[in-house]
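Biologist: Could you take one residue as a starting point, say whether it is buried or exposed, and then lead me from there through the helices and the aromatic rings?

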Amino acid sequence: CGGVDAISCLVESIVGRGPNAYFVGPIGAGVVQSLFVYACGKRLHGRLAAVISALMLIFFKDTARAASQILPEVFSGTYAIIAAYFYLRYTDARGGRRMAWLVAVSIALFWDYLAKETSVFFIPGFAVAVWLASERVSARARDVAILLALFFAGIALETAIIRAFTD
């Protein structure tokens, strides 16, 4: 696969190599990004905020530029906003569902890291956000530890796979 990340490889396996592979993936990531910005806006402040947020993203010229090029920025932004949406779901959930959303946040952050390594700089912000989302100190420490442990387990798995298949 000649793509930048897993999504690019998936698109390439569906549409093949060539011009289609260079445009379908980034445009699709841009569309997914807009949908998740809408979902975040709706969850935070209602449908009007969601529409305004999505339109602001769509009409921001750098977003359109990123969605028309096969560079990691559009994929990284997409995974980051997905992680933010999962975080919002985590803050609203209770019990076992809360833990499932926390795992989803960590997985989205790991995919973000796979798309662009500098996305690792989102981790401290998400760790602080998770810390602030719980009332009890023991739950705070546990949830932050789970978030970080899953993320670093993904990095360890990635390293093991690279080491196993390359010199």
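Modeller: Leu 48 is exposed, because its relative accessible area is 63% and exposed means over 50%. This is a predicted model, and that should be kept in mind through everything that follows. Leu 48 belongs to helix α3, which covers residues 47-59. If you look from Leu 48 to Arg 140, you pass over a separation of 92 residues in sequence, and the two C-alpha atoms are 33 Å apart in space.

A residue with the opposite label is Gln 33, which is buried because its relative accessible area is 9%, and buried means under 20%. Gln 33 is part of helix α2, residues 19-45. When its neighbours within four places in sequence are left aside, the residues in contact with Gln 33 are Leu 57, Thr 63, Val 74, Gly 77, Thr 78 and Ile 81.

Arg 142 has the label in between, since its relative accessibility of 41% makes it count as partly exposed. You will find Arg 142 in helix α8, which runs over residues 137-165. From Arg 142 to Gly 95 there are 47 residues in sequence, and their C-alpha atoms are 14 Å apart in space.

Helix α8 also holds Phe 151, and here the aromatic rings come in. A search of the whole structure finds eleven aromatic pairs, and one of them is formed by Phe 151 and Phe 152, whose ring centres are 5.3 Å apart and whose planes stand at 75° to each other, an edge-to-face arrangement. The two partners carry separate labels: Phe 151 is buried, with a relative accessible area of 1%, whereas Phe 152 is partly exposed, with a value of 48%. Apart from residues up to four places away in sequence, Phe 151 touches Ser 106, Leu 109, Phe 110, Tyr 113, Val 120 and Ile 123. Between the C-alpha atoms of Phe 151 and Phe 126, which are 25 residues apart along the chain, the separation is 11 Å.

Phe 126 brings us to a pair of helices. The axes of α5 (residues 72-92) and α7 (residues 123-133) come within 11 Å and cross at roughly 10°, and α5 and α7 are therefore roughly parallel to each other. On the α5 side, the contact is made by Ala 80, Ala 83, Ala 84, Tyr 87, Tyr 90 and Thr 91, while α7 contributes Phe 126, Ala 129, Val 130 and Ala 133. Sorted by kind, the residues of this contact of α5 with α7 are nine nonpolar, one polar and no charged.

Tyr 90, one of the α5 residues in that contact, has a further partner, for the charged end of Arg 98 sits over the ring of Tyr 90, at 4.2 Å from its centre. Finally, returning to rings that pair with one another, you can look for Phe 36, Tyr 85, Phe 86 and Trp 101, which ring pairs link into a cluster.

Terms used. Residues are numbered from 1 along each chain as its sequence is written. This is a predicted model: local features need pLDDT of at least 70, side-chain atom pairs count only at pLDDT 80 or more; totals for chains, interfaces and linings use all residues. Side-chain values use heavy atoms; hydrogens and water are left out. Axes are lines fitted to C-alpha atoms, for helices over the stretch in contact, and angles run from 0 to 180 degrees between N-to-C directions. Helices (H or I, at least four residues) and strands (E, at least two) are DSSP runs, numbered from the N terminus. Angles under 35 degrees count as roughly parallel, over 145 as roughly antiparallel, 65 to 115 as roughly perpendicular and the rest as oblique. Contact means heavy atoms within 4.5 Å. Ala, Val, Leu, Ile, Met, Phe, Trp, Tyr, Cys and Pro count as nonpolar, Asp, Glu, Lys and Arg as charged, and the others, Gly among them, as polar. Buried means under 20% relative accessible area, exposed over 50%, partly exposed in between (1.4 Å probe, protein chains only). Rings of Phe, Tyr and Trp (its six-membered ring) pair if their centres lie within 6.5 Å; planes under 30 degrees apart count as stacked, over 60 as edge-to-face and the rest as tilted. A charge sits over a ring if NZ of Lys or CZ of Arg is within 6 Å of the ring centre and within 35 degrees of the ring normal.
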